[in-house]
Amino acid sequence: MVRVDKNYLIIGGSTKCGTTSLYNYFCDHPEICRSIHKETRYFWGDEYKLPVRKLKMDNTDSFDKLFSGCQPDQFLLEATPDYLYSKRSAEAIRETLKGNVFIIFILRNPIDRLKSWYRHSILHGLIPSDSVFEDYISMQIPEPEAGTPQYLRAMEQGLYSKYLSHWYRIFGGGSVMVHYFENLLDEPQKVCGNICEQLGISDNYFVDYEFRPHNVSYGVKSHYVNNLFRGLQRRSRPLLSKLNPQVRDSIKWVGRNVESIYTVLNQSNERLITEDISDERRVSLMQFYGPELQKLRELTGVSPPWPEYGFHEA
């Protein structure tokens with residue numbers, strides 16, 4: 001039987017926009033109960049292949065089982081930043097979750113986001129380690145197809161309004177929250193407070209909270225070692241979901257400490273990204289992303305905090 005008295009908070013996008021940080025900020029809020037994994041991908045519509053399989057089950061009760069030890073009045077928090085790019089995900093969430101559902105999207109200056117995807121692609125061995133930013137732009141697929149890998153969709157997926165509009169049609173403005181990475185970075189307490197206000201929960205938890213970014217890209221000394229370490233992390237996630245909460249939390253605590261040690265040992269201080277691009281390429285990017293400023297203003301009613309000089313508005 002479908003439960004109708006649940007509260008759900010889903011962080012639906014976008015990738016490389018601070019969703020891991022936001023998820024971690026809210027994880028231990030007393031009125032929030034987090035999922036066993038940040039990215040369950042439960043509602044993912046399989047528009048393109050993701051590196052980790054989704055925790056797919058058949059009904060709402062099964063989705064609720066991805067949470068442990070929750071109180072009836074808590075919001076169930078899950079974060080899968082690829083949801084933004086899936087119409088099927090929006091429809092599945094609407095059809096499956098019958099309680100109070102809020103969707104948060106974090107957006108970022110699309111050119112800065114593209115640079116972040118470039119860093120990520122080098123870090124994870126998706127592109128040659130000697131690739132410069134302009135090389136990565138040249139690899140991008142402006143009109144990706146079903147088989148196009150995620151890292152080659154990065155430029156096109158910066159056209160947020162193209163995807164966001166469907167979520168507004170499905171859920172309406174009252175359930176969709178749009179915030180910006182730049183504001184989350186500069187004023188995290190204010191952003192979290194605004195989210196709390198819309199959810200109707202207390203923001204006192206964040207008064208003395210120590211905000212720090214999560215999942216920041218960095219250079220590595222050995223890409224081979226990094227690929228082995230990240231691969232081990234990906235393969236372990238499905239196994240963790242089968243453990244009882246106490247054991248799972250203990251293993252995650254150990255894992256976080258191991259990752260901190262690994263980062264210190266394998267992190268490189270060398271400059272990871274070469275941002276120099278030709279004037280022609282820069283103009284091309286401005287033209288490609290230019291209309292987004294106006295489209296997002298019209299869709300959300302709020303102007304993105306991105307420099308006007310970085311775009312050529314339609």
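What follows is a walk through the fold, the nonpolar cores, one helix pair and a few backbone oddities of this predicted model.

Starting with the overall picture, the protein chain has 314 residues, and 50% of them are buried. Its secondary structure adds up to 12 helices and 7 strands. Among contacts with a separation of 6 or more, 74% join residues that sit 24 or more positions apart.

On to the inside of the chain. In soluble globular proteins, nonpolar side chains tend to end up buried together. Here the largest nonpolar core takes in 62 residues, and the members touching the most others are Phe 26, Ile 93 and Leu 107. The element that gives the most to this core is strand 4, residues 100–107, which puts in 7 residues. Apart from this core there is another one, made of 17 residues, including Tyr 118, Tyr 151, Ile 277 and Leu 285. Back in the largest core, Ile 93 is worth a look for its partners. Leaving out residues up to four places away in sequence, Ile 93 touches Ile 10, Phe 43, Tyr 83, Val 101, Ile 103, Trp 167 and Phe 171.

Next comes a helix pair. Two packed helices are described by the angle between their axes and by how far apart those axes are. For helix 6 (residues 160–171) and helix 12 (residues 292–300), the axes come within 10 Å and cross at roughly 10°. Angles under 35 degrees count as roughly parallel, so helix 6 is roughly parallel to helix 12. The crossing of helix 6 and helix 12 is left-handed. On the helix 6 side, the contact involves Tyr 160, Ser 161, Leu 164, Ser 165 and Tyr 168, and these meet Glu 292, Lys 295, Leu 296, Leu 299 and Thr 300 of helix 12. Sorted by type, the residues of this contact come out as 5 nonpolar, 3 polar and 2 charged.

The backbone has some spots to check as well. In the loop between strand 1 (7–13) and helix 1 (19–27) sits Ser 14, and the peptide bond leading into Ser 14 from Gly 13 is cis, with omega near -5°. Lys 16 is found in that loop between strand 1 and helix 1 too. Its phi is near 60°, a positive value in a residue other than glycine. Lys 16 has a relative accessible area of 16%, and since buried means under 20%, Lys 16 counts as buried. Asp 46, in the loop between strand 2 (32–34) and helix 2 (60–64), also has phi near 60°, again positive in a residue other than glycine. With a relative accessible area of 49%, Asp 46 is partly exposed, as the partly exposed class lies between the 20% and 50% cut-offs.

Finally, Tyr 23, which has its place in helix 1. At 5% relative accessibility, Tyr 23 counts as buried, because the cut-off for that label is under 20%. Setting aside neighbours within four places in sequence, Tyr 23 is in contact with Ile 11, Arg 34, Ser 35, His 37, Lys 38, Leu 77 and Ala 79. Between the C-alpha atoms of Tyr 23 and Glu 39 there are 9.9 Å, with the two residues 16 residues apart along the chain.

Terms used
Residues are numbered from 1 along each chain as its sequence is written. This is a predicted model: local features need pLDDT of at least 70, side-chain atom pairs count only at pLDDT 80 or more; totals for chains, interfaces and linings use all residues. Side-chain values use heavy atoms; hydrogens and water are left out. A nonpolar core is a set of buried Ala, Val, Leu, Ile, Met, Phe, Trp, Tyr and Cys residues joined through side-chain atoms within 4.5 Å. Buried means under 20% relative accessible area, exposed over 50%, partly exposed in between (1.4 Å probe, protein chains only). Helices (H or I, at least four residues) and strands (E, at least two) are DSSP runs, numbered from the N terminus. Contact means heavy atoms within 4.5 Å. Axes are lines fitted to C-alpha atoms, for helices over the stretch in contact, and angles run from 0 to 180 degrees between N-to-C directions. Angles under 35 degrees count as roughly parallel, over 145 as roughly antiparallel, 65 to 115 as roughly perpendicular and the rest as oblique. A crossing is left-handed if the near helix is turned anticlockwise from the far one by less than a right angle, and right-handed if clockwise. Ala, Val, Leu, Ile, Met, Phe, Trp, Tyr, Cys and Pro count as nonpolar, Asp, Glu, Lys and Arg as charged, and the others, Gly among them, as polar.
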